[in-house]
Amino acid sequence: MSGHDKPKTASHKYTTRAYATGFLLSLSLTLVAFFFVWRFTDSGDILFSKGFLTLWLVVLALTQLFTQLVFFLHLGRESNQRWNIWVLGFAAIIVLILVLGSLWIMSNLKYHGGHNPLPENINQTIIQDEGFHNH
């Protein structure tokens with residue numbers, strides 16, 4: 001048997017155990033976040049404030065992010081992590097551009113749309129905006 005044909009049972013068990021642990025942690029964090037939101041909406045702001053809820057959801061989301069990076073993407077398990085860090089940074093920049101760009105577009109639509117983006121006499125408005133004249 002060559003070195004390539006040896007079964008890797010120890011690393012396979014470790015990987016399976018890591019995936020199971022990551023899955024259980026992710027599921028737990030999701031259920032905790034769901035419970036916080038459910039209790040908040042069910043209590044009508046009596047138990048805790050919206051700011052408290054927002055803070056805890058951000059903390060749970062960041063914990064979920066790091067859990068998935070470590071257990072599923074195996075960030076931090078190799079000796080040479082430079083490429084993983086670069087890819088993670090690039091992905092973060094892309095997500096940031098998408099989120100901020102979407103927010104910017106939505107705010108501009110709201111700003112330029114005014115109170116009523118579709119006037120009742122839309123045909124007349126288009127004719128006036130385009131410079132057409134009714135004869």
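# Exercises on a four-helix model

S26 is found in helix α1, which covers residues 9-43. The model is predicted. The exercises below start from this residue and move outward.

## Exercise 1: S26 and its partner

Task: decide whether S26 is buried or exposed, and find which residues S26 touches beyond four places in sequence.

Solution.
- Step 1. Take the relative accessible area of S26, which is 9%.
- Step 2. Apply the cut-off: buried means under 20%. S26 is therefore buried.
- Step 3. List the contacts. Leaving out residues up to four places away, S26 touches Q64, T67, Q68 and F72.
- Step 4. Check one of these partners by its backbone. The C-alpha atoms of S26 and Q64 are separated by 6.0 Å. Along the chain, the two residues are 38 apart.

## Exercise 2: The view from Q64

Task: place Q64 in an element, classify Q64 as buried or exposed, and name the residues that Q64 touches beyond four places in sequence.

Solution.
- Step 1. Q64 sits in helix α2, residues 50-71.
- Step 2. The relative accessibility of Q64 is 15%, so Q64 counts as buried.
- Step 3. With residues up to four places away set aside, Q64 touches S26, L29 and T30.
- Step 4. Put the two helices together. S26 belongs to α1, and Q64 belongs to α2.

## Exercise 3: The whole chain

Task: state how many helices and strands the protein has, and what share of the residues is buried.

Solution.
- Step 1. Count the elements: four helices and zero strands.
- Step 2. Read them from the N terminus: α-α-α-α.
- Step 3. Turn to burial. Of the 135 residues, 13% are buried.
- Step 4. Turn to the surface. The accessible surface is about 11,700 Å². Carbon and sulfur atoms hold 69% of that surface.
- Step 5. Look at contacts with a separation of 6 or more. Residues 24 or more positions apart make up 50% of them.

## Exercise 4: The core

Task: name the residues of the largest nonpolar core, and find which helix gives the largest share.

Solution.
- Step 1. The largest nonpolar core has seven residues: L29, A33, F36, F40, F48, L53 and L60.
- Step 2. Sort by helix. At least two residues of this core come from each of α1 and α2.
- Step 3. Pick the largest share. Helix α1 supplies it, with four residues.
- Step 4. Link back to Exercise 2. L29, one of the core residues, is also touched by Q64.

## Exercise 5: Aromatic pairs

Task: find how many aromatic pairs the structure holds, then describe how Y19 and F72 pair.

Solution.
- Step 1. The structure holds five aromatic pairs.
- Step 2. One of them joins Y19 and F72, with 6.0 Å between centres and 10 degrees between planes. Planes under 30 degrees apart count as stacked. This pair is stacked.
- Step 3. Place the two rings. Y19 lies in helix α1 and F72 in the loop between α2 and α3, so the pair ties together parts 53 residues apart in sequence.
- Step 4. Check exposure. F72 is partly exposed at 29%, and Y19 is partly exposed at 35%.
- Step 5. Add the other contacts. Beyond four places in sequence, Y19 is in contact with F71, F72 and H74.
- Step 6. Move to F36 and W56. This pair is also stacked, at 6.1 Å centre to centre and 20 degrees between the planes. F36 is in helix α1 and W56 in helix α2, 20 residues apart.
- Step 7. Look for a cluster. Ring pairs link F36, F52 and W56. W56 is partly exposed, with a relative accessible area of 34%.

## Exercise 6: Charge and surface

Task: find how many salt bridges the whole structure has, and which residues make the nonpolar surface patch of about 570 Å².

Solution.
- Step 1. The search finds one salt bridge.
- Step 2. The side chains of R39 and D42 form it, at 3.9 Å from N to O.
- Step 3. Both residues lie in helix α1, three residues apart, about one turn of the helix.
- Step 4. Compare exposure. R39 is partly exposed at 28%. D42 counts as exposed at 52%.
- Step 5. Now the patch. V95, L96, V99, L100, L103 and M106 make it.
- Step 6. Place one member. V95 lies in helix α3, residues 82-113. Its relative accessible area is 48%, so V95 is partly exposed.

Note on methods: Residues are numbered from 1 along each chain as its sequence is written. This is a predicted model: local features need pLDDT of at least 70, side-chain atom pairs count only at pLDDT 80 or more; totals for chains, interfaces and linings use all residues. Side-chain values use heavy atoms; hydrogens and water are left out. Buried means under 20% relative accessible area, exposed over 50%, partly exposed in between (1.4 Å probe, protein chains only). Contact means heavy atoms within 4.5 Å. Accessible areas come from the Shrake-Rupley method with a 1.4 Å probe; for residues, only the protein chains shown count as cover. Patches are made of residues with over 30% relative accessible area and no salt bridge: like charges are joined within 9 Å, nonpolar side chains (Val, Leu, Ile, Met, Phe, Trp, Tyr) within 5 Å. A salt bridge is a side-chain nitrogen of Lys or Arg within 4 Å of a carboxyl oxygen of Asp or Glu. A nonpolar core is a set of buried Ala, Val, Leu, Ile, Met, Phe, Trp, Tyr and Cys residues joined through side-chain atoms within 4.5 Å. Rings of Phe, Tyr and Trp (its six-membered ring) pair if their centres lie within 6.5 Å; planes under 30 degrees apart count as stacked, over 60 as edge-to-face and the rest as tilted.
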